[in-house]
Amino acid sequence: MRATRQVERRSDAIAQKLGGRPGVREERKLEQIERIAVACGLTRLLEWAIQRNSVEFACEPRTIDPALMFYSSTKPNMSLKLFVFKLFKYLNCSLSVFTTALVLMDRLVKKGNHYRLNEYNVHRIFLATSLIACKLLDDKPRPLKLFAMVGGISPIELCALERVCLEMLEYDLYVNPAVYALYERRVRASVRPQVSAETMMRRARKVAN
(Lines give C-alpha, C1' and ligand atoms only; values in the text may rest on other atoms or scores of the structure.)
Protein backbone atom coordinates (compact mmCIF):
# COMPACT_ATOMS: atom_id res chain seq x y z
CA MET A 1 0.00 0.00 0.00
CA ARG A 2 2.82 2.43 0.86
CA ALA A 3 4.53 1.72 -2.45
CA THR A 4 1.24 2.31 -4.28
CA ARG A 5 0.82 5.71 -2.61
CA GLN A 6 4.41 6.62 -3.54
CA VAL A 7 3.75 5.75 -7.19
CA GLU A 8 0.57 7.84 -7.16
CA ARG A 9 2.42 10.81 -5.65
CA ARG A 10 5.14 10.53 -8.28
CA SER A 11 2.54 10.45 -11.05
CA ASP A 12 0.95 13.59 -9.58
CA ALA A 13 4.33 15.33 -9.59
CA ILE A 14 4.94 14.34 -13.20
CA ALA A 15 1.50 15.63 -14.16
CA GLN A 16 2.28 18.98 -12.53
CA LYS A 17 5.59 19.23 -14.39
CA LEU A 18 3.74 18.61 -17.63
CA GLY A 19 1.64 21.69 -16.99
CA GLY A 20 -0.82 20.27 -14.54
CA ARG A 21 -2.88 18.73 -17.29
CA PRO A 22 -5.68 16.70 -15.68
CA GLY A 23 -5.76 14.40 -18.68
CA VAL A 24 -2.36 12.88 -17.88
CA ARG A 25 -3.59 10.78 -14.98
CA GLU A 26 -6.75 9.89 -16.88
CA GLU A 27 -4.67 8.57 -19.77
CA ARG A 28 -2.59 6.49 -17.36
CA LYS A 29 -5.77 5.12 -15.77
CA LEU A 30 -7.26 4.23 -19.14
CA GLU A 31 -4.02 2.51 -20.14
CA GLN A 32 -4.04 0.52 -16.89
CA ILE A 33 -7.67 -0.49 -17.41
CA GLU A 34 -6.86 -1.64 -20.94
CA ARG A 35 -3.96 -3.78 -19.69
CA ILE A 36 -6.19 -5.33 -17.04
CA ALA A 37 -8.85 -6.10 -19.63
CA VAL A 38 -6.33 -7.81 -21.92
CA ALA A 39 -4.91 -9.80 -18.99
CA CYS A 40 -8.41 -10.94 -18.02
CA GLY A 41 -9.23 -11.86 -21.62
CA LEU A 42 -6.03 -13.87 -22.08
CA THR A 43 -6.61 -15.71 -18.82
CA ARG A 44 -10.18 -16.67 -19.76
CA LEU A 45 -9.13 -17.94 -23.20
CA LEU A 46 -6.37 -20.09 -21.69
CA GLU A 47 -8.71 -21.41 -18.99
CA TRP A 48 -11.31 -22.35 -21.61
CA ALA A 49 -8.67 -24.22 -23.63
CA ILE A 50 -7.57 -26.15 -20.53
CA GLN A 51 -11.16 -27.04 -19.60
CA ARG A 52 -11.95 -28.16 -23.14
CA ASN A 53 -8.88 -30.40 -23.30
CA SER A 54 -9.60 -31.91 -19.88
CA VAL A 55 -13.08 -32.91 -21.06
CA GLU A 56 -12.04 -34.19 -24.50
CA PHE A 57 -9.16 -36.32 -23.24
CA ALA A 58 -10.41 -37.33 -19.79
CA CYS A 59 -11.37 -40.83 -20.96
CA GLU A 60 -8.38 -41.43 -23.22
CA PRO A 61 -5.23 -43.24 -22.09
CA ARG A 62 -2.48 -40.92 -20.92
CA THR A 63 0.01 -40.52 -23.76
CA ILE A 64 1.82 -37.45 -22.41
CA ASP A 65 5.33 -38.09 -21.19
CA PRO A 66 5.62 -36.21 -17.86
CA ALA A 67 9.34 -35.77 -18.46
CA LEU A 68 8.73 -33.47 -21.43
CA MET A 69 10.31 -30.09 -20.86
CA PHE A 70 7.14 -28.01 -20.82
CA TYR A 71 5.41 -30.22 -18.28
CA SER A 72 5.68 -29.79 -14.55
CA SER A 73 5.65 -32.93 -12.44
CA THR A 74 2.93 -31.38 -10.25
CA LYS A 75 0.32 -28.69 -10.76
CA PRO A 76 1.79 -25.22 -10.13
CA ASN A 77 0.79 -23.65 -6.83
CA MET A 78 0.18 -20.32 -8.54
CA SER A 79 -3.15 -19.99 -10.34
CA LEU A 80 -3.15 -19.14 -14.02
CA LYS A 81 -4.82 -15.78 -13.34
CA LEU A 82 -2.20 -14.77 -10.80
CA PHE A 83 0.58 -15.92 -13.14
CA VAL A 84 -0.71 -13.86 -16.07
CA PHE A 85 -1.24 -10.75 -13.93
CA LYS A 86 2.25 -11.19 -12.51
CA LEU A 87 3.76 -11.19 -16.00
CA PHE A 88 1.75 -8.12 -16.98
CA LYS A 89 2.77 -6.24 -13.84
CA TYR A 90 6.48 -6.97 -13.53
CA LEU A 91 7.49 -7.42 -17.17
CA ASN A 92 5.47 -4.42 -18.36
CA CYS A 93 5.68 -5.53 -21.98
CA SER A 94 3.46 -4.00 -24.62
CA LEU A 95 0.00 -5.50 -25.02
CA SER A 96 0.89 -6.69 -28.52
CA VAL A 97 3.54 -8.95 -26.98
CA PHE A 98 1.04 -11.01 -24.99
CA THR A 99 -1.45 -11.21 -27.85
CA THR A 100 1.31 -12.41 -30.16
CA ALA A 101 2.34 -14.93 -27.48
CA LEU A 102 -1.19 -16.34 -27.64
CA VAL A 103 -0.89 -16.71 -31.43
CA LEU A 104 2.42 -18.53 -31.04
CA MET A 105 0.93 -20.79 -28.37
CA ASP A 106 -1.84 -21.90 -30.71
CA ARG A 107 0.67 -22.43 -33.48
CA LEU A 108 2.86 -24.49 -31.16
CA VAL A 109 -0.01 -26.68 -30.01
CA LYS A 110 -1.08 -27.37 -33.60
CA LYS A 111 2.41 -28.58 -34.52
CA GLY A 112 2.51 -31.30 -31.84
CA ASN A 113 -0.31 -33.62 -30.79
CA HIS A 114 1.24 -34.11 -27.33
CA TYR A 115 1.37 -30.37 -26.61
CA ARG A 116 -2.24 -29.79 -25.70
CA LEU A 117 -2.65 -27.06 -23.13
CA ASN A 118 -3.37 -28.22 -19.62
CA GLU A 119 -2.68 -27.20 -16.04
CA TYR A 120 0.78 -28.81 -16.14
CA ASN A 121 2.22 -26.94 -19.13
CA VAL A 122 0.28 -23.70 -19.74
CA HIS A 123 2.45 -21.58 -17.42
CA ARG A 124 5.74 -22.52 -19.07
CA ILE A 125 4.46 -22.37 -22.63
CA PHE A 126 2.96 -18.91 -22.10
CA LEU A 127 6.16 -17.71 -20.44
CA ALA A 128 8.35 -18.98 -23.29
CA THR A 129 6.17 -17.60 -26.08
CA SER A 130 5.93 -14.25 -24.26
CA LEU A 131 9.73 -14.09 -24.16
CA ILE A 132 9.93 -14.78 -27.89
CA ALA A 133 7.22 -12.24 -28.69
CA CYS A 134 8.95 -9.62 -26.53
CA LYS A 135 12.20 -10.06 -28.45
CA LEU A 136 10.29 -9.73 -31.71
CA LEU A 137 8.16 -6.69 -30.97
CA ASP A 138 9.50 -4.53 -28.14
CA ASP A 139 12.15 -1.93 -28.92
CA LYS A 140 13.87 -2.67 -25.60
CA PRO A 141 13.26 -6.37 -24.84
CA ARG A 142 13.31 -7.39 -21.20
CA PRO A 143 16.29 -9.57 -20.27
CA LEU A 144 15.83 -13.31 -20.08
CA LYS A 145 16.85 -13.28 -16.41
CA LEU A 146 13.89 -11.01 -15.60
CA PHE A 147 11.47 -13.33 -17.41
CA ALA A 148 12.92 -16.29 -15.51
CA MET A 149 12.68 -14.55 -12.14
CA VAL A 150 9.06 -13.46 -12.70
CA GLY A 151 8.15 -16.89 -14.10
CA GLY A 152 9.70 -18.71 -11.17
CA ILE A 153 12.20 -20.86 -13.09
CA SER A 154 15.94 -20.69 -13.69
CA PRO A 155 17.41 -18.75 -16.64
CA ILE A 156 18.98 -21.94 -17.96
CA GLU A 157 15.63 -23.71 -17.99
CA LEU A 158 13.88 -20.78 -19.67
CA CYS A 159 16.62 -20.62 -22.31
CA ALA A 160 16.01 -24.30 -23.04
CA LEU A 161 12.24 -23.73 -23.25
CA GLU A 162 12.79 -20.88 -25.70
CA ARG A 163 15.00 -23.07 -27.87
CA VAL A 164 12.43 -25.90 -27.91
CA CYS A 165 9.66 -23.43 -28.80
CA LEU A 166 11.62 -22.05 -31.71
CA GLU A 167 12.47 -25.52 -33.00
CA MET A 168 8.88 -26.73 -32.75
CA LEU A 169 7.65 -23.60 -34.47
CA GLU A 170 10.34 -24.18 -37.12
CA TYR A 171 11.25 -20.52 -36.56
CA ASP A 172 7.96 -19.49 -38.16
CA LEU A 173 7.34 -16.38 -36.07
CA TYR A 174 5.64 -14.09 -38.56
CA VAL A 175 2.11 -13.11 -37.53
CA ASN A 176 -0.14 -11.81 -40.29
CA PRO A 177 -1.87 -8.52 -39.29
CA ALA A 178 -5.26 -10.06 -40.06
CA VAL A 179 -4.49 -13.03 -37.78
CA TYR A 180 -3.29 -10.71 -35.04
CA ALA A 181 -6.48 -8.62 -35.31
CA LEU A 182 -8.56 -11.80 -35.03
CA TYR A 183 -6.79 -12.87 -31.82
CA GLU A 184 -7.02 -9.36 -30.42
CA ARG A 185 -10.79 -9.40 -30.94
CA ARG A 186 -11.01 -12.82 -29.29
CA VAL A 187 -9.12 -11.55 -26.25
CA ARG A 188 -11.29 -8.47 -25.84
CA ALA A 189 -14.52 -10.38 -26.53
CA SER A 190 -13.74 -12.88 -23.77
CA VAL A 191 -13.90 -10.18 -21.09
CA ARG A 192 -17.26 -10.17 -19.36
CA PRO A 193 -19.09 -7.03 -20.49
CA GLN A 194 -20.94 -6.63 -17.20
CA VAL A 195 -17.70 -6.18 -15.26
CA SER A 196 -16.95 -2.48 -14.87
CA ALA A 197 -13.50 -0.94 -15.15
CA GLU A 198 -13.48 -0.12 -11.44
CA THR A 199 -14.28 -3.74 -10.57
CA MET A 200 -11.45 -5.00 -12.78
CA MET A 201 -9.01 -2.61 -11.13
CA ARG A 202 -10.05 -3.73 -7.63
CA ARG A 203 -9.59 -7.37 -8.61
CA ALA A 204 -6.21 -6.61 -10.18
CA ARG A 205 -5.00 -4.95 -6.99
CA LYS A 206 -6.07 -7.98 -4.94
CA VAL A 207 -4.24 -10.34 -7.27
CA ALA A 208 -1.13 -8.13 -7.39
CA ASN A 209 -1.00 -7.82 -3.60
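How do helix 5 and helix 6 lie relative to each other, roughly parallel or roughly antiparallel? In this predicted model, the two helices pack at an angle of about 155°, with their axes 11 Å apart. An angle over 145 degrees counts as roughly antiparallel, so helix 5 and helix 6 are roughly antiparallel to each other.

**The overall picture**

Let's step back for a moment. The protein has 9 helices and 0 strands, so along the sequence the pattern reads α-α-α-α-α-α-α-α-α. Of its 209 residues, 42% count as buried. If you take contacts between residues at least 6 apart in sequence, 81% of them join residues at least 24 apart.

**How far to trust it**

The average pLDDT for the protein is 76, and 67% of the residues score at least 70. Two stretches deserve a second look. Over residues 14-20 the pLDDT stays under 50, and the model has 4 contacts beyond four places in sequence for them. Residues 57-67 also stay under 50, with 6 contacts of that kind.

**The core**

In soluble globular proteins, nonpolar side chains tend to be buried together. Here the largest nonpolar core has 54 residues, and Phe70, Phe126 and Leu158 have the most contacts inside it. Seven stretches of helix, from helix 2 (23-56) through helix 8 (177-189), give two or more residues each to this core, including helix 5 (122-137) and helix 7 (155-168).

Phe126 is a good residue to click on. Beyond its neighbours within four places in sequence, Phe126 is in contact with Leu42 and Leu46, with Phe83, Val84 and Leu87, and with Phe98, Ala101 and Met105.

**Helix 5 and its partners**

Two packed helices are described by the angle between their axes and the distance between the axes. Here are those values for helix 5:

| Pair | Angle | Axis distance |
|---|---|---|
| Helix 5 and helix 6 | about 155° | 11 Å |
| Helix 5 and helix 7 | about 75° | 9 Å |

The second row makes helix 5 roughly perpendicular to helix 7. As for helix 6, helix 5 passes it in a right-handed crossing.

Which residues do the touching? On the helix 6 side, Leu144, Phe147 and Gly151 meet Leu127, Ser130, Leu131 and Cys134 of helix 5. Facing helix 7, helix 5 uses Arg124, Leu127, Ala128, Thr129, Leu131, Ile132 and Lys135. Their counterparts in helix 7 are Glu157, Leu158, Leu161, Glu162, Cys165 and Leu166. Leu127 and Leu131 turn up in both sets of helix 5 residues.

Methods: Residues numbered from 1 in each chain as written. Predicted model: local features only at pLDDT ≥ 70, side-chain atom pairs only at ≥ 80, totals over all residues. Heavy atoms only, no water. pLDDT = per-residue confidence, 0-100. Contact = heavy atoms within 4.5 Å. Core = buried A, V, L, I, M, F, W, Y, C linked by side-chain atoms within 4.5 Å. Buried < 20%, exposed > 50% of the residue type's maximum accessible area, 1.4 Å probe, protein only. Helix = DSSP H or I, 4+ residues; strand = E, 2+ residues; numbered from the N terminus. Axes fitted to C-alpha atoms, helices over the stretch in contact; angles between N-to-C directions. Parallel < 35°, antiparallel > 145°, perpendicular 65-115°, else oblique. Left-handed = near helix turned anticlockwise from the far one by under 90°.
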